[in-house]
Amino acid sequence: MARKLILDVDTGIDDALAIAYALGSEDLDLIGVTGTYGNVLVPTGTRNSLAILELFGRTDIPVYAGPDHARARDSFEVMEISEFIHGKNGIGEAQIPDASRAVEEQSAVEFMVESVRQYGDELVIVPVGPLTTVAAAMEADPTFADNAHIVIMGGALTVPGNVTQWSEANINQDPEAADLVFRNAKDITMVGLDVTLQTLLTSKETAEWKALGTTGGDFLATATDYYIKAYETTAPYLGGCGLHDPLAVAVAADPNLVETLDINLKTDTEGETRGRTIGDEARLNDAAKTGHVAVGVDVERFLAEFMRRLTGLAQRTPGRDAAAK
Ligand code: BDR
Ligand code: CA
């Protein structure tokens, strides 16, 4: 049976690839997309999520808006580096039509809380942006932390951060939320930079999408080529772009894609290490380990699955010439 999934995104190019991964997966049933801030503002991100779902013919999947700034702040502005990596519109300046529908009236927090109550172990929540919405869900319902299964893209345990030496971008946006989530979640898998910088895509793969001649293939190729170009400037030594967010979705579908280290996690919220994800010394000797940090990944198998699922999905969208008429 397909595993039910809520994807919490700041859409974002790799967030778009994560949505596409979920849509192309028969072993996942995407029951809702929740929108957070980060790569873009919440309204831009939810606009992108709605437009992407429509492009791939999935107007049946609802989109909810979450809190629009971090817990310790009262507003949010997109960082210059985010705009450089994802483009002003968040999807690498790819142009896709606005959706014919809007976000749901129910909030992302309410939707998460309700879904965990309703589906329990059948559901996995995959946040691939700041953890603000998940932290708010934990506060809204005292049973949430015990019952939710969470696989995040975020953090770095064995490698440096990508915003500061210590801190990865999603955690850096809201360290207080990340700390609350790590300390309270009963089942949280961290898919961080330790593994997501090992899963890289190049223009060789995006050329395969372009060659499909479909609207879906064109969108995936245009957005991802922009992202690859940004990586050529920010991290030329990698030789491709990091498939951060889709790897977390892939792990939700198939946990065996990664090797994990069981450890109780926390996030530093003070001083120069603010935003660092690390073991919680106060729970070091607890028998129960609630955190599972991905430290190894089957790169070849993931990339094969990634291309199979996304190419299959893009193949099923209308031809670019028919769509242009
Ligand atoms: C994470 O930060 C965001 O820019 C990406 O979408 C990804 O979720 C990588 O550090
Ligand atoms: Ca993201």
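A residue is buried here if its relative accessible area is under 20%, exposed if over 50% and partly exposed in between, with a 1.4 Å probe and protein chains only. Helices (H or I, at least four residues) and strands (E, at least two) are DSSP runs, numbered from the N terminus. By these terms, strand E2 (residues 28–35) is mostly covered, with seven of its eight residues buried.

The model is predicted: local features need pLDDT of at least 70, side-chain atom pairs count only at pLDDT 80 or more, and totals for chains, interfaces and linings use all residues. Residues are numbered from 1 along each chain as its sequence is written, chains are lettered from A and ligands numbered from 1 in the order in which they are written, and side-chain values use heavy atoms, with hydrogens and water left out.

**Strand pairing around E2**

Two strands pair if DSSP finds at least two bridges between them. E2 is joined to E1 by seven bridges, and the two strands run parallel. Within this pairing, Gly32 of E2 is the bridge partner of Ile6. E2 also pairs with strand E3 (residues 63–65), in the parallel sense, over three bridges. There, Gly35 stands opposite Ala65 in E3.

The chain passes from E2 to E3 through helix H2 (residues 42–55), and this β-α-β crossover is right-handed. A right-handed crossover is one in which, with the strands pointing away from the viewer, the path from the first strand over the helix to the second runs clockwise. E1, H1 and E2 likewise form a β-α-β unit that is right-handed.

**Lys4 and Asp29**

Contact means heavy atoms within 4.5 Å. Lys4 is found in E1 and Asp29 in E2. Residues up to four places away in sequence are not counted in the contacts of Lys4, nor are neighbours within four places in those of Asp29.

| Residue | Relative accessible area | Class | Contacts |
|---|---|---|---|
| Lys4 | 17% | buried | Asp29, Ile31, Tyr119, Glu122, Leu123, Val124 |
| Asp29 | 28% | partly exposed | Ala2, Arg3, Lys4, Leu5 |

The C-alpha atoms of Asp29 and Val297 are separated by 23 Å, the two residues being 268 apart along the chain.

**Helix packing**

Helix H1 (residues 13–23) packs against helix H13 (residues 299–315) at an angle of about 80°, with the axes 8 Å apart. Axes are lines fitted to C-alpha atoms, for helices over the stretch in contact, and angles run from 0 to 180 degrees between N-to-C directions. H1 and H13 are therefore roughly perpendicular to each other, the term for angles of 65 to 115 degrees; those under 35 count as roughly parallel, those over 145 as roughly antiparallel and the rest as oblique. H1 contributes Leu17, Ala20, Tyr21 and Leu23 to the contact, and H13 contributes Phe302, Glu305, Phe306, Arg309, Leu310 and Leu313.

In helix H5 (residues 132–140), the buried residues are Thr132, Thr133, Val134, Ala135, Ala137 and Met138. Among the elements that cover them are strand E1 (3–9), helix H4 (108–119), strand E4 (123–127) and helix H8 (175–184).

**Backbone exceptions**

Most residues other than glycine have a negative phi, and most peptide bonds are trans. The peptide bond from Thr11 to Gly12 is cis, with omega near 5°; Gly12 lies in the loop between E1 and H1. Glu93, although not a glycine, has a positive phi of about 60°. Glu93 is placed in the loop between helix H3 (80–86) and H4, and is partly exposed at a relative accessible area of 34%.
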